[in-house]
Amino acid sequence: MPTLKIDVRTSTVGSPDLVTFFVKGSPLPVGVPASEFDGAPCSTVLLRDKTQRTLVVGLGDKDKIEPDTLRRAAGAGIKHLLKLGSTEVALDLGTYADHVGPAVEGAILASYKFEGFGKDASKEKRGVLNRLQILVKENELIAARAQARDAEIIATISNTIRGIGNLPGNMLTPAILAEQAQELAQGRPLTVRIWNERHLARDGFGGILAVGQGSVNPPRLIVLEYRGGGRRETPIALVGKAVTFDTGGITIKPGAQMDEMKWDKMGGLAVLGILLAAADLKLPLNLVGLIPSAENMPGPDAYRPGDIITTRDGKTIEVLNTDAEGRIILADAIAHARLAYKPSAILEYSTLTGAVVMALGHRRAGMFTAQDKLRDAFLAAGKATGELVWPMPVDDEYKEGVQSEIATVKNIGPREGSACISASFVKTWAEETPFVHFDIAGTAWSTKPPAHLEAGATGFGLRLTLAALRAGLPV
Ligand code: BES
Ligand code: ZN
Ligand code: ZN
């Protein structure tokens, strides 16, 4: 990937294209009629003179400006200019120095596009962003530089995991994901351990093995540790579902949009990204990331409805639908987090249910937790990052939905309340450990992306969680 140079300065150097921001009601740029530009959020108007192009981007009403307004507006500006072939852009943040972080994030996020493989690129003249200048006032320089540096770390890692996330199932198997995690951890203060199928069998990971057994691409458990906190401080565990492709297995899915199930690994990638960024940001915390990864395929060796599986901590699952596979691999990983690390909290990310998409759509992820303080921390982090979440219930009643006659639980319950029932299923393995489940099925990828993103993987959960961790998670 080409490197992007970012500098925070008081005036431009060289001849970059310029992005300025515009609040509704302020005087219009010279020569722009009101009928062409009203300053609505992310609306744009391009001005040219002999030496420079200036793109004016709307922010909407002044009293409604939030961090995400600048993130999106900066992203919209960058996307617009890249389409015109720009390679150097300056963002004028003189009036918005508080929002340098979000603006830099938006700019970097907007510079990523999944290019695909072997398509005819000759017709595209999309520029590659080489240099980004951030313009602020002299007295804001120091604070703005700190904001820009952290935003660069976070957004660059977000783009990395979006890039891996957009790879199709034939190019990204569990073993390849594990290799990628190892490569990315190299040179960072992270330790990585990979369980292959033999190790998984030795250590009793019956859930990950069952889901993976139908595929010629064997499953893996990826565990990353980051120790930025005190030696005796208990870690926070992060667990992410990484099903590299979900056909549904023997309970096979219908064909329409099945290709989208290449994104069923995004929970795991969010966790990988969080660990990478925590290391680069040198967060003063201990974290452990657990990423169970499998490909869910039908076939002669596949697990089947009726099977009974024993997970890492001895709890058993009656399989009634092989398409409810995420919860089975998560059960093993959550049990392992609890038994091996005794963490102060377990945060878990998964594209778990279609039901959460019906309930909340694509703007907010479902957040399921019994801990009010954790709920409030993530609500605030959502507002700051634009990765919005909404609290959903995990009352014990929902567990009745997965009571089994012959095992600890069965893997599906009634359709009604299915997102909540699924949450109570995964929570079973956390036992008394404070637990948050994020169902990111509606937010992990986008076909109608917001202004600062392109279609494809969004990286949802990464920026949200880093904001919550940096603010100090109440555990
Ligand atoms: N990966 C899917 C959930 C999903 C569906 C995510 C659509 C994004 C869009 C998951 O493994 C699954 O298939 N869940 C089933 C569970 C059901 C069988 C209880 C679902 O939601 O239909
Ligand atoms: Zn499934
Ligand atoms: Zn799935």
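Which protein donors does the zinc ion (ligand 3) have? They are Lys241 (NZ), Asp246 (OD), Asp264 (OD) and Glu325 (OE), and they lie 2.0 to 2.4 Å from the metal. Keep in mind that this is a predicted model. A second zinc ion (ligand 2) lies 3.2 Å from that one, with Asp246 bridging the two. Then there's ligand 1, which has 16 residues around it.

**The zinc ion (ligand 3)**
- This site counts as octahedral, with 6 donor atoms and angles of 77 to 172° among them.
- Along the sequence, the donor residues follow the spacing K-x4-D-x17-D-x60-E.
- Lys241 joins in through its NZ atom, while Asp246 and Asp264 each use OD and Glu325 uses OE.

**The zinc ion (ligand 2)**
- Here the protein donors are Asp246 (OD), Asp323 (O), Asp323 (OD) and Glu325 (OE), at 2.0 to 2.2 Å from the ion.
- So Asp323 shows up with both an O and an OD atom in the list of donors, because donors are N, O and S atoms within 2.8 Å of the metal.
- The geometry is irregular this time: the 6 donor atoms make angles of 69 to 165°.
- In sequence terms, the donor residues run D-x76-D-x1-E.

**What the two zinc sites share**
- Asp246 is the bridge between the zinc ion (ligand 3) and the zinc ion (ligand 2).
- Glu325 (OE) is listed as a donor for the zinc ion (ligand 2), and Glu325 (OE) is listed for the zinc ion (ligand 3) too.

**Buried or partly exposed?**
- Glu325 has 0% relative accessibility, so it counts as buried.
- Asp323 comes out at 23%, which is why it counts as partly exposed; the cut-off for buried is under 20%.

**Ligand 1 and its surroundings**
- The closest residues to ligand 1 are Lys253, Asp264, Asp323, Glu325 and Gly354.
- Asp264 has a side-chain N or O atom 2.9 Å from a nitrogen atom of ligand 1.
- Glu325 does something similar with an oxygen atom of ligand 1, at 2.8 Å from a side-chain N or O atom.
- Thr351 uses its backbone instead: a polar atom there is 3.3 Å from a nitrogen atom of ligand 1.
- On its own, ligand 1 has 510 Å² of accessible area, and the protein covers 79% of that.
- The largest pocket is the space that ligand 1 takes up.

Notes:
Residues numbered from 1 in each chain as written. Chains lettered and ligands numbered in written order. Predicted model: local features only at pLDDT ≥ 70, side-chain atom pairs only at ≥ 80, totals over all residues. Heavy atoms only, no water. Tetrahedral: all angles 85-135°; square planar, octahedral: opposite > 155°, others 65-115°. Buried < 20%, exposed > 50% of the residue type's maximum accessible area, 1.4 Å probe, protein only. Near = heavy atom within 4 Å. Polar contact = N/O pair within 3.5 Å; in protein donor to acceptor, adjacent residues only side chain to side chain. Areas by Shrake-Rupley, 256 points an atom, 1.4 Å probe, with all protein chains shown as cover. 1 Å grid on protein atoms, 1.4 Å probe; cavity = no way out; pocket = protein on both sides within 12 Å on 5 of 7 lines; lining within 4 Å. Sits in = over half its atoms within 2 Å of the grid points.
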